[in-house]
Amino acid sequence: MEEYFNVADIFGENVFNDSVMQERLPKKTYQKLKQTILAGEELDLETADVIAHEMKEWAIEKGATHYTHWFQPLTGITAEKHDSFISAPLPSGKVLMSFSGKELIKGEPDASSFPSGGLRATFEARGYTAWDPTSPAFVRQDAAGATLCIPTAFCSYTGEALDQKTPLLRSMEVLSEQALRLLRLFGNTTSKRVTPSVGAEQEYFLIDREMYLARKDLMYTGRTLFGAMPPKGQEMDDHYFGAIPERIEAYMRDVNIELWKLGVSSKTQHNEVAPAQHELAPIYAQCNVAVDHNQIIMETLRKVANRHGLQCLLHEKPFNGVNGSGKHDNWSLVTDDGINLFEPGKSPHENIQFLLILCLVLKAVDRHADLLRESAADVGNDQRLGGNEAPPVIISVYLGEQLQDVLTQLISTGTATKSKKGEKLETGVRALPDFRKDATDRNRTSPFAFTGNKFEFRMVGSQDSVGEPNVVLNTIMAEALCEACDELEKAKDFDGAVHDMIKKLATDHQRIVFNGNGYGDEWIEEAKRRGLPSINSFVDAIPALTTDATVSMFEKFKVFSKVELESRAEIEYEQYIKSINIEARTMIDMASKQIIPAVISYATELGLSIGTITDACPEADVSTQKELLIKVSNYLKETKEALVNLREINDKAYTMKASSCEKANYYHDEVVKAMDALRAPVDALEMIVDKESWPMPSYGDMIFEVTNY
């Protein structure tokens, strides 16, 4: 029986947070650090030495023997290099434990070994990690011991960003600067900072680790490249919010304990739509901290799964035919004194500041819909977007009935005079209280939905960092705010200018607003008529990184240089090429070494059984067996032909001399098509061949057996 505990007693116990710093740092040192965090001032080395010493002492008390600069290169996961606290041995044979301010502030990983998109040559190795003091250090405890993890940014020797953190911090600064300009125009003289607040919901699958290890496709690519649907999928809707099996509850409990100790406010957990699929949602945090926390969540989900004999799958579409996994990036803007700029109030039509900010969001999303789509694009999302609860590939904004009505009033008359109110919802049961429902429903097919006091960007893939989407959201909003302030600061009649601006913005960008069914075919036609971009694949999305509009905006606000954007586009093309090549090679390996031999063995046994029955009883009817043998043989022939074709096409793609863009497009247009052609007969064979003869666990084995009570 597990012992009970109070979450408040363990929450943040492994974090060098504000309360720990107040307790352990000299008052003067603490104040200097807070000034660095709040005002962005540079930290002097003397102060850093004091902080480093106390951080080291605290970490050693937690069992730490090593420290690491914990950063987020453009690999999709985090990176770290561990150094122990020991210094040179003393003459006595003992050793000192030391950690300097210089070691805290700066590290030097090998920049040429991480994706750089041509920014760094193989022989140019130097890169730097720089401490992000706005995201607290933490001690990670596991089977390997305890390590002090210091969140850092990562840049090249020549200063270009090679990570997710650096541009994110840049975008947060420019967004705060532009938002404060607008607040000052509305008479707010007290707020000193505006911070994007983010809550990233995380979806994931859990399967038995033994079954995972029996599937080469899951091991090498994170998704099943072959697999026929079982008789039952998710059509009964009985898994969603269902009772959580005890085995999964035990896993979730351990995940929560680890996260709570690391200061991650894991709050909500439940079964998701697909069998074996689940979700974890934290409470909102400052944008860069939320991005760090999401990386910690993904690492923890994977690590704890192994202890329970489970495997956590974070791929966007590990199983065809059932719900894919994403993460909903909930984004809002909050001042340092607690004002949520996306809070409409009880009467949104009277909240002029909110209406202007809302219309600026519409402008930002409409103008940069292609870039926002690109920020959520990856190889796995190509399989997920557009079906089974994932939003479609067309960017649109859902406002709901209340704000849509206000917007319509603004467009038609220039003035909004009323806001729809939530009605009384009568349950019809005496014992149940009646209550007031919200004035607006929700729309799960919308990629970018307003949900009360925040926007929910539902397109992001489950294994991706939420860093890139938030860099884009922060910067496109900063641009819209900047242009509004440039105009309003010159206005002689501020109230009249705001009124006219709201009406113009609402009119000019109403095309991006859509409250209907994003899955309907009619929406595709309607979006086309409106002129909204429909970007169907990762490869098609990448060019949005280097358009003139994108480069101009990012360079204006110093979030990205043109060179940095070009390098990221190159990295993404290479990522697509490598991912599809690995998937194709895995299919070839599985088909030639596992599937075809297994089917031949089954067909041989079937043929032998026909001969045996015929010899023993010539008048026996073996037409069923012959029909089955013919069907298996035909599918086997089709499989072999598709295998040969895939091998030839993939070899051609791998050796072709072309730009990364051209090569990625060939992989998308030809190799993926050949992969689909190989999968079709194999999946058909799985439905025929005896289960005992099939060389790998089936969908039914993986997604149902793990949740059996």
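Visitor: In this predicted model, in which sense do β1 and strand β2 pair, and over how many bridges?

Guide: Strand pairing is read from the bridges between two strands and from their relative direction. Here β1 and strand β2 (residues 82-84) run in the antiparallel sense and are paired over three bridges, with Tyr67 having Asp83 in β2 as its bridge partner.

Visitor: Which strand do six bridges join to β1?

Guide: That partner is strand β8 (residues 145-156), which is joined to β1 by six bridges and runs parallel to it, and within this pairing Ala64 stands opposite Ala146 in β8.

Visitor: Is strand β1 mostly covered or mostly open?

Guide: As a general idea, the side chains of a regular strand alternate between the two faces of the sheet. In the present case β1 (residues 64-70) is mostly covered, since five of its seven residues are buried.

Visitor: Turning to a helix, which residues of α19 are buried, and where do they lie around the axis?

Guide: One lists the buried positions and then looks at their directions from the axis. In α19 (residues 548-556) the buried residues are Thr550, Val551, Met553 and Phe554; because these cover an arc of only 165° around the axis, they lie on the same side of α19. The elements against which the buried residues of α19 pack are α12 (369-375), α15 (467-488) and α20 (562-616). After the helix comes Lys558, whose phi is positive, near 60°.

Visitor: Which residues have the most contacts inside the largest nonpolar core?

Guide: The largest nonpolar core comprises 131 residues, and Phe448 and Val671 are those with the most contacts inside it. The element that gives the most to this core is α20, with 17 residues. A second, separate core has 38 residues, including Tyr212, Ile248, Leu313 and Phe319. Returning to Phe448, and leaving aside its neighbours within four places in sequence, one finds it in contact with residues including Trp331, Val361, Leu372, Tyr398, Phe457 and Leu473.

Visitor: What radius of gyration does the chain have, and how does this stand against a compact globule?

Guide: The general idea is to set the value beside that expected from chain length: with 709 residues, a compact globule would have a radius of gyration near 27 Å, and the chain, at 28 Å, therefore agrees. The C-alpha trace spans about 100 × 85 × 70 Å along its principal axes, and 54% of the 709 residues count as buried. Among contacts with a separation of 6 or more, 74% are accounted for by residues 24 or more positions apart.

Methods:
Residues numbered from 1 in each chain as written. Predicted model: local features only at pLDDT ≥ 70, side-chain atom pairs only at ≥ 80, totals over all residues. Heavy atoms only, no water. Buried < 20%, exposed > 50% of the residue type's maximum accessible area, 1.4 Å probe, protein only. Helix = DSSP H or I, 4+ residues; strand = E, 2+ residues; numbered from the N terminus. Arc of directions from axis to C-beta. Contact = heavy atoms within 4.5 Å. Core = buried A, V, L, I, M, F, W, Y, C linked by side-chain atoms within 4.5 Å. Pairing = 2+ DSSP bridges. Rg over C-alpha atoms; globule rule 2.2 N^0.38 Å.
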